[in-house]
Amino acid sequence: SSFSPGPRPQRPPACHRTSPGAMGDAEFQEFCQKAGEFTGMKDLDPDWLKEMWLGADANMERAMNHVLSTPEDKVRRGPGGG
């Protein structure tokens, strides 16, 4: 007889792994500040930055690389931005 353990549990998507208020908020705020400084764009969309941050597993260097490698016409800006 063969044993069938059933479906494997799936890892939650990156956006669900880190919740607001979780440890790492200070690092995310630092990332947002540095992203604005490095790109020269002070009006980057915080939701877009959160996507970059979580997509990089909350790793400052990887997230910054994502931001800096994004073509300017694909960068999302906040209210009043381009």
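What share of the contacts in the protein chain with a separation of 6 or more comes from residues 24 or more positions apart? The answer is 61%. Keep in mind that you're looking at a predicted model.

**Whole chain.** Start with a cartoon view. You'll find four helices and zero strands, so to speak an α-α-α-α run from the N terminus on. Switch on the surface next: the protein chain exposes about 6,000 Å², with carbon and sulfur atoms supplying 52% of it. Of the 82 residues, 27% are buried.

**Helix 4.** Now select residues 60–69, which make up helix 4, and show Ala 63, Met 64 and Val 67 as sticks; these three are buried. They sit on the same side of helix 4 because they cover an arc of only 100° around the axis. That fits the general pattern: an α-helix has 3.6 residues a turn, so residues three or four places apart point the same way. Spin the view around to the face turned away from the buried side, and you'll meet the exposed residues Glu 61 and Ser 69.

Stay at the start of this helix and pick Asn 59: one of its side-chain oxygens comes within 3.1 Å of the backbone nitrogen of Glu 61.

**The cover.** Go back to the buried side and add helix 2 (25–39) and helix 3, which are among the elements covering the buried residues of helix 4.

**Lys 50.** Last stop: helix 3, residues 46–55, where Lys 50 is located. Which residues does Lys 50 touch, not counting those up to four places away in sequence? Asp 25 and Phe 28. Lys 50 is buried yet has no salt bridge; Asp 25, the nearest side chain of opposite charge, is 4.3 Å away, and the cut-off for a salt bridge is 4 Å.

Key
Residues numbered from 1 in each chain as written. Predicted model: local features only at pLDDT ≥ 70, side-chain atom pairs only at ≥ 80, totals over all residues. Heavy atoms only, no water. Helix = DSSP H or I, 4+ residues; strand = E, 2+ residues; numbered from the N terminus. Buried < 20%, exposed > 50% of the residue type's maximum accessible area, 1.4 Å probe, protein only. Lys, Arg positive; Asp, Glu negative; His and termini not counted. Contact = heavy atoms within 4.5 Å. Areas by Shrake-Rupley, 256 points an atom, 1.4 Å probe, with all protein chains shown as cover. Arc of directions from axis to C-beta. Polar contact = N/O pair within 3.5 Å; in protein donor to acceptor, adjacent residues only side chain to side chain.
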